[in-house]
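Welcome! Here are a few exercises, each with a worked solution, to help you find your way around a structure that is new to you. Keep the view open as you read.

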Amino acid sequence: MSETTGASYAAAGVDIEAGDRAVELMKEWVKKTRRPEVLGGLGGFAGLFDASALRRYERPLLASATDGVGTKVDLARKMGVYDTIGHDLVGMVVDDLVVCGAEPLFMTDYICVGKVHPERVAAIVKGIAEGCVLAGCALIGGETAEHPGLLGPDDFDVAGAGTGVVEADHLLGPDRIRKGDAVIAMASSGLHSNGYSLVRHVVFDRAGWALDRKVEEFGRTLGEELLEPTKIYSLDCLALTRTTEVHGFSHVTGGGLANNLARVIPDGLHATVDRSTWTPGAVFDLVGKAGQVEQLELEKTLNMGVGMIAIVPAESVDAALTTLADRGVDSWVAGEITDRGTHTTGAELTGSYAR
């Protein structure tokens, strides 16, 4: 009589012990993000944040944002580099929060893998934790899900959600922006985390380049350039709100500079950004030339060297630029707010890039 073996979770491809080891490996990194308001430790069913800390606000408004990193994760997988993609995730979330003036308080993450490799998962969380430290927020929990059969053993994706707080009277938005305000651009660290479907198509499918190809213009390999982490601006933006008057911010992500800037421009006003005030980094030029991508298509997809915009009164420009310079942020006056007139959109780029 033959023996049969019953089905099990492990036989289905889910390794609970590997998941437990991943949690143990990531605990030291999560601890580095701890804020005084955080209660408990990693491993509970829910992260706890002491809301009594918000009593110092007269009317606290909670802000929430959720995002991912997109197809940039495929490059991390191919290069076997897992400790930078978390910076991207944090930047995508917290810099959406700060646009309304909110201080990021805490984040949670979701990591989906085909197979749990504890060291890889821990490396991803390490990057998220380091990003949270740069943003001043706590990483209070998350989830690692193993999806065998749906994802390959080395495939993964990440997503995150963040919560911030802003005093109601300090809420930033279109209603604060005025004619005559200055548009201050803050330099990006590169492509950040948007447009990678286009970038991958251009450099791999069309140009046939390899990730380990040395690129003279970059001073490093193609892969190293493409994995450059997203710059996190939240603490820089909050510093601006403390040192000078700020009317608004715009986080330049998918859709490009003009489209994202237009989201915070009120009806009746128009933002003009002068391309001649900066030179996009070499990676933008490479994508354009290698794929024969038209400039307008690049600008609709990539940040073109500007990762965050601050809109300030004209009299606040010097103070704003000084604050950002003191914090090591490359910034410049890139445009101004005018009447909408006959313009059909809230923002546009004019002129030619400096060379």
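**Exercise 1: Arginine 275**

Arginine 275 sits in the loop that links strand S11 (269-274) to helix H9 (282-291); helices (H or I, at least four residues) and strands (E, at least two) are DSSP runs, numbered from the N terminus. This is a predicted model, in which local features need pLDDT of at least 70 and side-chain atom pairs count only at pLDDT 80 or more, while totals for chains, interfaces and linings use all residues. Residues are numbered from 1 along each chain as its sequence is written, and side-chain values use heavy atoms, with hydrogens and water left out.

Task: is arginine 275 buried or exposed, and which residues is arginine 275 in contact with, leaving aside its neighbours within four places in sequence?

*Solution.*
- Step 1. The relative accessible area of arginine 275 is 8%. Buried means under 20%, exposed over 50%, and partly exposed in between (1.4 Å probe, protein chains only), so arginine 275 is buried.
- Step 2. With those sequence neighbours left aside, arginine 275 is in contact (heavy atoms within 4.5 Å) with Gln295, Leu296, Glu299, Leu349, Thr350, Gly351, Ser352, Tyr353 and Ala354.

**Exercise 2: Alanine 129**

Task: find the helix that holds alanine 129, then say whether alanine 129 is buried or exposed.

*Solution.*
- Step 1. Look along residues 118-135, which form helix H4; alanine 129 is found there.
- Step 2. Its relative accessibility is 2%, so alanine 129 counts as buried.
- Step 3. Now look at arginine 34, 95 residues away along the chain: its C-alpha atom and that of alanine 129 are separated by 9.5 Å.

**Exercise 3: Helices H7 and H11**

Two packed helices are described by the angle between their axes and the distance between the axes.

Task: how are H7 and H11 oriented to each other, and which residues meet?

*Solution.*
- Step 1. The axes of H7 (residues 234-243) and H11 (residues 317-326) come within 10 Å and cross at roughly 140°. Axes are lines fitted to C-alpha atoms, for helices over the stretch in contact, and angles run from 0 to 180 degrees between N-to-C directions.
- Step 2. Angles under 35 degrees count as roughly parallel, over 145 as roughly antiparallel, 65 to 115 as roughly perpendicular and the rest as oblique; H7 and H11 are therefore oblique to each other.
- Step 3. From H7, Asp236, Ala239, Leu240 and Thr243 meet Ala320, Thr323 and Leu324 of H11.
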